[in-house]
Amino acid sequence: MVAVARPSTEVRAMRREDLDAVVAIEHASYEFPWSAGIFRDCLQAGHNCWVIIHEGEIAGYGILSVAAGEAHVLNVCIGDAHRGLGYGRRMMRRLVDLARWYGAERIFLEVRPSNPVAHALYESMGFAEIGRRPAYYPAKNGREEAIVMALEMHITD
């Protein structure tokens, strides 16, 4: 039997030296991207900032804020060359696991209605729509509402 080499992939905590690659993915992915300063602020604030590495290259990232028994997914993005490989789901699983580890009772996130792939991923992971935020996101022709979703954590002893 011939062993097939699998690509090396890991999820690890984001470091300051990752910021150039993270910002490059952000700017290539969004029309209204976060600035490098926002990512630096997230690291400095102690948010859970993670990257997914594929064969030594940052393929994507996720940022989670946890406070007062709740968690908020602030940003998740997978670079274009790595989409469709399950990395978004893998990053979301890491963020959900972290929220559970911190004892969060629920996790919130916002998603654009114009991003059906992300919306479907979140639904498949048990997130449910709990509301809408009008004019939440900047958009080319004004503002776009956000779909607010939540996942109730069922923490058992």
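How many bridges join strand β3 to β4, and do they run parallel or antiparallel? I looked this up before anything else. 8 bridges join β3 (residues 57-67) to β4, and the two strands run antiparallel. I counted two strands as paired if DSSP finds at least two bridges between them. Helices (H or I, at least four residues) and strands (E, at least two) are DSSP runs, numbered from the N terminus.

**Ground rules**

I am working on a predicted model, where local features need pLDDT of at least 70 and side-chain atom pairs count only at pLDDT 80 or more, while totals for chains, interfaces and linings use all residues. Residues are numbered from 1 along each chain as its sequence is written, and side-chain values use heavy atoms, with hydrogens and water left out.

**Entry: the β3-β4 hairpin**

I checked the register and found Y61 opposite C77 in β4. β3 and β4 form a hairpin, with 2 residues between them. A68 sits in the loop between β3 and β4. I noted its phi, which is positive at about 50 degrees although A68 is not a glycine. Most residues other than glycine have a negative phi. Is A68 buried or exposed? A68 is exposed, because its relative accessible area is 83%. My cut-offs: buried means under 20% relative accessible area, exposed over 50%, partly exposed in between (1.4 Å probe, protein chains only).

**Entry: from β4 to β5**

I moved on to the other partner of β4. 3 bridges join β4 to β5, and these strands run parallel. A71 stands opposite I107 in β5. The chain crosses from β4 through α3 to β5, and this β-α-β crossover is right-handed. Right-handed here means that, with the strands pointing away from the viewer, the path from the first strand over the helix to the second runs clockwise. I also found H72 bridged to F108 in β5.

**Entry: the α3 helix**

I took the span of α3 next. Its 15 residues reach 21 Å from first C-alpha to last, close to the 21 Å expected at 1.5 Å a residue. The expected span is 1.5 Å times one less than the number of residues. Which residues of α3 are buried? I listed Y87, G88, M91, M92, L95, V96, L98 and A99. G103 follows α3 and has a positive phi, near 80 degrees.

**Entry: β5 and β7**

β5 is mostly covered, with 5 of its 6 residues buried. I found 6 bridges joining β5 to β7 (residues 142-152), and this pair is antiparallel. I107 stands opposite L151 in β7. I107 also faces A71. Just past β7, I looked at M153, which lies in the segment after that strand. M153 counts as buried because its relative accessible area is 9%. I compared M153 with H47: they are 106 residues apart in sequence and 19 Å apart in space, C-alpha to C-alpha.

**Entry: two residues in β6**

P138 is in strand β6. With a relative accessible area of 27%, P138 is partly exposed. I checked P138 against F32: they are 106 residues apart along the chain, and their C-alpha atoms are separated by 6.8 Å. A135 lies in β6 too. Phi of A135 is near 50 degrees, positive in a residue other than glycine. A135 counts as partly exposed because its relative accessibility is 44%.

**Entry: the largest pocket**

Last, I looked at the largest pocket. Its volume is about 1100 Å³. A pocket is an open set of points on a 1 Å grid over the protein atoms alone, where a 1.4 Å probe fits, with protein on both sides within 12 Å along at least five of seven lines; lining residues have an atom within 4 Å of a point. The volume is the space filled by probe spheres set on the points, which are joined across faces, edges and corners.

Which residues lie nearest the pocket centre? Of 40 lining residues, Y30, V76, N115, A118 and Y122 do. The elements giving two or more residues to this lining are α1 (19-29), β4 (70-78), α3 (87-101), β5 (106-111), α4 (116-124) and β6 (128-139). β4 gives the most, with 7 residues. I split the lining into 23 nonpolar, 9 polar and 8 charged residues. Ala, Val, Leu, Ile, Met, Phe, Trp, Tyr, Cys and Pro count as nonpolar, Asp, Glu, Lys and Arg as charged, and the others, Gly among them, as polar.
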